Amino acid sequence: MSALALSVLLSLVSAIVYASGAILQERVATATPDRPYAPLHHGVWWAAVALNGLGAVLHVAALAFGPLSLVQPLGALTIVFALPLAALFVGRGAGRTAWRGAIMTTAGLAGLLALTGSTDAHSLDGLERVILTAATFAGVGLLFLTAQLVHRPAVRSLLLAGSAGVAFGIGSVFTKTVAVDWTSRGATVQVPSMLVIAALAALGLLLSQASYRGAGLAAPLAAVTVVNPVVAAAVGITLFGEGFRYGLLGTLLALGAGVLTAGGLILLTSGPRPERAGYSEAHSAGPQVGEGVDVGSVTGPRTHLEVEMRSRAVAGGS
């Protein structure tokens, strides 16, 4: 097997592993709505963590055998793999709108990445690393705080997923920088950057876990999948002087790919939001007695007696 073919195979397996981890994260978010960030007691969550780690290792291995211009667009297939895997293993099918959105998002992102300019090795000096670290944590913090003020679950989910994508994307930039400087500067000098990579990876994992709470699988996963490489590419354009291939034509094509990606995300967030077991925001205030609501259909065995006694008390008082 040639190095290029091995890179393609590793990229596809990495996308499948990432998709599997996302499915498990969404299932954990459904089962533990009271612990949106780190359900440490849940064994399935640790399985998702392991799958995300394995996906990262496979992605790095793919980069070792193939060019970034090939590996990054293949990583966009994560969202496409996630939909049939979710239908196959957890019985959660995706409608036509979700499929159209996933395909549009993947095609748009692949186009953006394919048009991104030079893949030459670049590095960051000490001051640039400090500024980029500060700007990243400030940006992630701002997105997180904004998400806490938003009441619409779909918008809140996209903000959290976007902040996770920023963390993962800048983590990739630091990983690339460490790899470039490993032989010239030595391992000891890279310790601060490695600590930043670890912090961003953990932060991205926690934020992505929270993004699946009440928003389903497709939209948060698509947002993370899009924002991650786009942020890394933006750093390359800003700090490394990279641009889009083919000059003005490439820029126009990249703009079209960006519009296609945005349209796909809109489709993914416009579909019906799945209800979580035992929780519904529409019923967060509880049903009102006497409004024609079948209390037996919305109350569990622990609250049925309480509601019945309350109903008798209301009837007696009237």
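In this predicted model, helix α8 keeps a good share of its residues out of reach of solvent: Ser193, Val196, Ile197, Leu200, Gly204, Leu205, Leu207, Ser208, Gln209, Ala210 and Ser211 are all buried. The helix runs over residues 191–211. Its length adds up as well, because 21 residues at 1.5 Å each should span 30 Å, and the C-alpha atoms at the two ends of α8 do sit 30 Å apart.

One of those buried α8 residues, Leu200, turns up again in the largest nonpolar core. That core counts 24 residues, and the ones with the most contacts inside it are Leu132, Ile170, Val173, Phe174 and Leu200. At least two core residues come from each of α6 (126–149), α7 (153–185), α8 (191–211) and α9 (218–239). The top contributor is α7, which puts in nine. Ile170 gives a feel for how things meet here: once neighbours within four places in sequence are set aside, Ile170 is in contact with Leu132, Thr136, Leu200, Val231 and Val235. There is also a second core, separate from this one, with 18 residues, among them Ala22, Ile79, Leu85 and Leu221.

Two of the Ile170 partners, Leu132 and Thr136, also show up on the buried list of α6, along with Arg129, Thr133, Val140 and Ala147. As for its length, α6 is made of 24 residues and covers 35 Å from first C-alpha to last, close to the 34 Å expected at 1.5 Å a residue.

Back on α7, Ala164 is worth a look. This alanine belongs to helix α7 and is buried, because its relative accessible area is 0%, and the cut-off for buried is under 20%. Beyond residues up to four places away in sequence, Ala164 touches Gly204, Leu207, Ser208 and Val224. Gly204, Leu207 and Ser208 are themselves among the buried residues of α8. Ala210, another buried residue of α8, has its C-alpha atom 9.6 Å from that of Ala164, with the two positions 46 residues apart along the chain.

The second core leads on to helix α4, residues 78–89. Ile79 and Leu85 are included in that core, and both are buried in α4, as are Thr78, Ala82, Leu83 and Ala86. Here too the length works out: twelve residues at 1.5 Å each should span 16 Å, so the 16 Å between the end C-alpha atoms of α4 agrees.

Thr105 is a polar case on α5, the helix of residues 96–115. With a relative accessible area of 2%, Thr105 counts as buried. Leaving out residues up to four places away in sequence, Thr105 touches Ala222, Val226, Thr261, Gly264, Leu265 and Leu268.

Toward the start of the chain, helix α1 (residues 3–31) presents more than one face. Leu9 sits in α1 and is partly exposed, because its relative accessibility comes to 41%. Together with Met1 and Val13, Leu9 makes up a nonpolar patch on the surface, and the three share about 310 Å² of accessible area. Thr30 is in α1 too, but is buried, at 11% relative accessible area. The C-alpha atoms of Thr30 and Tyr212 are 8.0 Å apart in space, although 182 residues apart in sequence.

Helix α2 (residues 43–65) holds Ala62, which is buried at 0% relative accessibility. Apart from neighbours within four places in sequence, Ala62 is in contact with Ser7, Leu10, Ser11 and Val71. Leu6 is 56 residues away from Ala62 in sequence, yet the two C-alpha atoms are 7.4 Å apart in space.

Stepping back to the whole chain, the fold is helical throughout in its regular elements, with twelve helices and zero strands. Of the 318 residues, 38% count as buried. Contacts across the sequence are plentiful: among those with a separation of 6 or more, 78% join residues 24 or more positions apart. The chain exposes about 16100 Å², and carbon and sulfur atoms account for 69% of that area.

Note on methods: Residues numbered from 1 in each chain as written. Predicted model: local features only at pLDDT ≥ 70, side-chain atom pairs only at ≥ 80, totals over all residues. Heavy atoms only, no water. Patch = residues over 30% accessible without salt bridge, like charges linked within 9 Å, V, L, I, M, F, W, Y side chains within 5 Å. Areas by Shrake-Rupley, 256 points an atom, 1.4 Å probe, with all protein chains shown as cover. Salt bridge = Lys/Arg side-chain N within 4 Å of Asp/Glu carboxyl O. Helix = DSSP H or I, 4+ residues; strand = E, 2+ residues; numbered from the N terminus. Buried < 20%, exposed > 50% of the residue type's maximum accessible area, 1.4 Å probe, protein only. Core = buried A, V, L, I, M, F, W, Y, C linked by side-chain atoms within 4.5 Å. Contact = heavy atoms within 4.5 Å. Expected span 1.5 Å × (residues − 1).
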